[in-house]
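Here are my notes on the structure, set out as numbered points for a reader at the bench.

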Amino acid sequence: MKKNNFVERSILGTLSFLKESIFADEYALKKGFLQSLDPRIKTIIFLIFILQILFTGNIFVLLYLYALCLLLTFISKISLGFFLKRTWVFIPLFSFFIAIPAIFSIFTPGEALVVFQIANFKFIITRQGLSSASLFVARVITSVSFGVLLSITTKHFELLKVLRIFRIPQIFVMTLGMCYRYIYLFIEVIQNTYLGIKSRCGNVFSVKKGQGIVAWNIASLWQRSYVLHQDVYDAMLSRGYTGESKTMDEFHATFKDWFWLGLTILIFGLSLWQNHYLN
Amino acid sequence: MHIPDGYLGPTTCGFFYIVMLPIWALASKIVKKTLKARQVPLLAIGAAFSFVIMMFNVPIPGGTTGHAVGGVLVAILLGPWAACIAITVALVIQALLFGDGGITAIGANCFNMGFVLPFSGYYIYKVISFNSSVYSARRVIAAGIAGYIALNIAAGLTGFEFGIQPLLHKTLSGKALYCPYGLNAALPAMLGEHLLVFGWVEAIVTALVVKYLQKQSPELLEEREVA
């Protein structure tokens, strides 16, 4: 693919991103441990874990939480290869590169651990810098892993329904539910539009023409959307919409859900105590 | 500009959730009051539109590309309060379903990109375009300037939020617990890349889309009834 073919890269990137998301929904349908939990209780459990990660100031506590996350992944029948690829490639790897300068005395002064010289520049890696950077990367990877694990083991519509049960204002939840469907539709519209452009103009665009194509696509998407919203409203009316939306609550929490919630709260308490003790 | 989990400490995360709660409540109240039943799907379409805009890579001279946030554009098309809801929804979907932006940082991300960005951009656009015709070039310029300035304000705020972490959360031995860089590093880093690259992407996208809509559907640029 040519380097300047940014439109194609954008479209392909978006499609693979969405395919990955659809693929992730396949994991939510598997009969694993996390998939068997009530989505409401599971969401609370994960929020507790994520808060725990936020409050923890000790790298060992973070590492055991990360190990726990990998164990949950394994018993939920999720391929570890897929999970590690999904959780390591973007944010944690980016954070790792961001953290590298922080290990040096220029950004984090402190006790010198390693001193070396490149050309006429002297570099000092400090204990505080190394410790801060490791803690930062460990926290990011653990948080991202828990967030992704919740997302891939819960059907997307269930996750959105949980928000309504948590008393999030109706206008947000309704918009969320509808928006989720439109995203797929819009991506399809853009893909078809791009295919049309490609079949007529070929592959290579100049920067200026490329900017025009992107802007035209966005403007045309908004025009179509505006027309679409009137059709959608008519369809809603024909199905009995009266201005108030209704959500069905079909979730059933069992003893197993409450047991795991209790255990998570216990782990939370223990790690807060451990964090305080270790620091 | 999406802040992931682990970059901000509990104080900052909690603070932005507290700040955003009344803003979300007010946005919900205002939009519900002014939104006609017929326009309910428009809000969802606006959210999906905002989501999709963030996926478009725009080319910049020099071979690089960047993506726009589209906050100012959505505010121009839907009004700032409706844009606040639409962008919040897009950010929540990105965080919950795709892992783009942290769950604990939703408050901060929504403040930067769902509140400050559309509101500052919308009012800059209103001030510069000042009663000009829907067809005027002044509107295109106003949209570009608003996009550029608003994105940089939001980026500056994000840099500030990163930069205060070592001041708020540090152990006695000097170990930073969250983002390890102070204001002297975080602020120039965030502002630099947005002033030089992403601000221009936002400006180009916002201005060109307004220009295209002036030609194709000028009625869409008229004041919306959605808040």
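1. At 44% relative accessibility, A:E111 counts as partly exposed, and its salt-bridge partner A:R127 is likewise partly exposed at 42%, where buried means under 20% relative accessible area, exposed over 50% and partly exposed in between, with a 1.4 Å probe and protein chains only. The closest N and O atoms of this pair are 3.2 Å apart, a salt bridge being a side-chain nitrogen of Lys or Arg within 4 Å of a carboxyl oxygen of Asp or Glu. A:R127 lies in helix α6 (residues 127-153) of chain A and A:E111 in the loop between α5 (91-99) and β1 (112-118), so the pair ties together parts that are 16 residues apart in sequence; helices (H or I, at least four residues) and strands (E, at least two) are DSSP runs, numbered from the N terminus.

2. This is a predicted model, in which local features need pLDDT of at least 70 and side-chain atom pairs count only at pLDDT 80 or more, whereas totals for chains, interfaces and linings use all residues. Residues are numbered from 1 along each chain as its sequence is written, chains are lettered from A and ligands numbered from 1 in the order in which they are written, and side-chain values use heavy atoms, with hydrogens and water left out.

3. The structure holds three salt bridges over all chains. One of them joins A:D38 to A:R40, with the closest N and O atoms 2.9 Å apart; A:D38 is buried at 2% relative accessible area, and A:R40 is buried at 18%.

4. In chain B, B:N109 lies in helix α5 (residues 106-129) and is buried, with a relative accessible area of 3%.
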